[in-house]
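Work through the exercises below with the model open. Each task is followed by a solution in steps.

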Amino acid sequence: MAVCARLCGVGPSRGCRRRQQRRGPAETAAADSEPDTDPEEERIEAGAAALAGAGGGRGAGPSPPPRCSLLELPPELLVEIFASLPGTDLPSLAQVCTKFRRILHTDTIWRRRCREEYGVCENLRKLDITGVSCRDVYAKRINPRVKSGRFMKILPDYEHMEYRDVYTCLLHRYRHILGLWQPDIGPYGGLLNVVVDGLFIIGWMYLPPHDPHVDDPMRFKPLFRVHLMERKSATVECMYGHRGPHNGHIQIVKKDEFSTKCNQTDHHRMSGGRQEEFRTWLREEWGRTLEDIFHEHMQELILMKFIYTSQYDNCLTYRRIYLPPSHPDDLIRPGLFKGTYGSHGLEIVMLSFHGKRARGTKITGDPNIPAGQQTVEIDLMHRIQLPDVESLRSFNELSRIVLEVREQVRQEQQQREDGAEDGEGRAPQSPLEPQRGPAQPSVELPAEKGGGPADGEAAAAAAPAPEQPAQSGQGQPFVLPVGVSSRNEDYPRTCRMCFYGTGLIAGHGFTSPERTPGVFILFDEDRFGFIWLELKSFSLYSRVRATFRNAEAPSPQAFEEMLKNIQSLTS
């Protein structure tokens, strides 16, 4: 009671003057005969008056200044105050008194919460007035193949819908599935982005561009959607297949995990049978027909992927993933990249920085290296100075340089292990942080090849030396060595800097995995490459240029835990 008194103050409920002015004489007389406050407000006033009387009997002193009660404020001002509060606090506010509960039925309050918390900009009232806008919304997010005669029959009932319904029954109820997710499709994985799109919640599956066009924008298609067809009733529909939306179901399994189920899988089938389904899938997935693919091994991989992924068209489980946190001293801005992986096509990789190392984690994968595994790891403590262009054309020369660095890394690791066993009083170091200072050996390259002893301190700080092109803003000429294969010959011909790294390779089914030496090449802020020495192969990576909401990790520890979880699923 005391809490309510402090919140509400003392004073009668004035009602809405503007509404009273619009009433007729009979309505005004009826309204005047009703009590102006509800029982809860009267108890608040009585309690506050008793407290005031008890305080007045004490020693003489200045009377307290008059307090302004929330109940005395005009309704339009209360609407503005309530609209600035988080939507999750409004139900508790409605329990304070009848007046608050009446005011919270004002739709402008909930419209503002929908806009500020979820980005909903559509106007429910104008959708039915403009007609064309309503149709555009429907065509974009519902079913572009709908016939004009069927349009009004399956259009949601916006005329009798309120923003309160949109907030409570749609946005708030399904808020836990918003963000980035990785579907559990065996080794292939995927990238799902669940967003509020107008008056709908839609799960968009992001797909890499067609191989080998790594710089092209991402493709995406809807997998499911949630919307209100009528008040207080959210509808979940599956969007898979080519026969339009149909009945589906969403279940939140546990924190950071949910599942979808299709209740009408016959909508996924095509009249031409599996052969027609395969040809349609091939055009969408690869942008070509099977006759255009002459490589027999590639045909086998494509057919294998179609058979495997088709088993998951009726039920899928998704696990939340976060975008990597960014720091001012990162080599480049971390994030998602599209990369070339030989016959497997383009795959999505997440680049993140961890102290003096950078890691590329697969978000989509293949039968050799599945999704969730660390495809590349870059040692930012060991920078490589490439030779001149003519010498770089020799694969043997590049291999010799990289293997020398690998031997150096091995010796440093051995020194750290020996130092830990000797117990010389030095604090134990993380395996991700090589030694700094004089104990850090330099990377020496032959002088005639353009290399020289690298400064140990500069390497330890993972910052380019003053004479390096990255500091001056100039690029270093780059060309792939003869014999190194690349899916995309349109790679950059200048680079900023190079580092020693390792790449993960394995047999089919992720058998006998091992890390092999390679070279990480930074081209610019949005592109990098990796030369796999053992495979004599080059992968080019290009940044995913898309904005993802609700994808930030709550803490660095949460991001690290997420990486461990998705890796353990396929280990």
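**Exercise 1: a central strand**

From strand 10, the residues L346, I348, M350, S352 and H354 point one way, E347, V349, L351 and F353 point the other way, and all are buried. Buried here means under 20% relative accessible area, exposed over 50%, and partly exposed in between, with a 1.4 Å probe and protein chains only. Helices (H or I, at least four residues) and strands (E, at least two) are DSSP runs, numbered from the N terminus. The model is predicted: local features need pLDDT of at least 70, side-chain atom pairs count only at pLDDT 80 or more, and totals for chains, interfaces and linings use all residues. Residues are numbered from 1 along each chain as its sequence is written, and side-chain values use heavy atoms, with hydrogens and water left out.

Task: Determine how many residues of strand 10 are buried, and which strands pair with strand 10 in the antiparallel sense.

Solution.
- Step 1. In a regular strand the side chains alternate between the two faces of the sheet.
- Step 2. Of the 9 residues of strand 10 (residues 346-354), 9 are buried, so the strand is largely enclosed by the rest of the structure.
- Step 3. Two strands pair if DSSP finds at least two bridges between them. Strand 9 (residues 335-340) pairs with strand 10 in the antiparallel sense over 6 bridges, and K338 has I348 in strand 10 as its bridge partner.
- Step 4. Strand 10 is also joined by 6 bridges to strand 11 (residues 357-362), again running antiparallel. There, V349 has K362 of strand 11 as its bridge partner.
- Step 5. Both pairs are hairpins. Between strand 9 and strand 10 there are 5 residues, and G342 in the turn has a positive phi of about 55 degrees. Between strand 10 and strand 11 there are 2 residues, and G355 in the turn has a positive phi of about 65 degrees.

**Exercise 2: the barrel**

Task: Give the strand order of the closed barrel and state which strands helix 12 touches.

Solution.
- Step 1. The closed barrel has 8 strands in the order 1-2-3-4-5-6-7-8, with antiparallel pairing.
- Step 2. From one strand to the next, the twist averages 35 degrees.
- Step 3. Helix 12 (residues 163-171) packs on the sheet and touches strand 2 (191-197), strand 3, strand 4 and strand 5 (233-238). The direction of helix 12 makes about 125 degrees with that of strand 4.
- Step 4. As one pair, strand 6 (residues 246-254) and strand 7 (residues 257-262) are antiparallel over 5 bridges; I250 stands opposite T260 in strand 7.

**Exercise 3: two helix pairs**

Task: Are helix 13 and helix 14 roughly parallel or roughly perpendicular? Then treat helix 5 and helix 8 likewise.

Solution.
- Step 1. Axes are lines fitted to C-alpha atoms, for helices over the stretch in contact, and angles run from 0 to 180 degrees between N-to-C directions. Angles under 35 degrees count as roughly parallel, over 145 as roughly antiparallel, 65 to 115 as roughly perpendicular and the rest as oblique.
- Step 2. Helix 13 (residues 273-286) and helix 14 (residues 296-310) pack at about 110 degrees, with their axes 11 Å apart. The two are therefore roughly perpendicular.
- Step 3. Contact (heavy atoms within 4.5 Å) involves, among others, F278, W281 and L282 of helix 13 and I302, L303 and F306 of helix 14.
- Step 4. Helix 5 (residues 75-83) and helix 8 (residues 107-118) have axes that come within 9 Å and cross at roughly 25 degrees. That makes helix 5 roughly parallel to helix 8.
- Step 5. The contact is made by V79, E80, F82 and A83 of helix 5 and T108, I109, R112 and R113 of helix 8.

**Exercise 4: backbone exceptions**

Task: Locate the cis peptide bond, and state where S512 and K536 lie.

Solution.
- Step 1. Most residues other than glycine have a negative phi, and most peptide bonds are trans.
- Step 2. The cis bond joins D211 and P212, with omega about 5 degrees. P212 lies in the loop between strand 3 (200-207) and strand 4 (219-230).
- Step 3. S512, not a glycine, has a positive phi of about 50 degrees. S512 is in strand 17 (residues 511-524) and is exposed, with a relative accessible area of 63%.
- Step 4. K536 has a positive phi near 50 degrees. K536 sits in the loop between strand 18 (527-532) and strand 19 (537-543) and is partly exposed at 41% relative accessible area.
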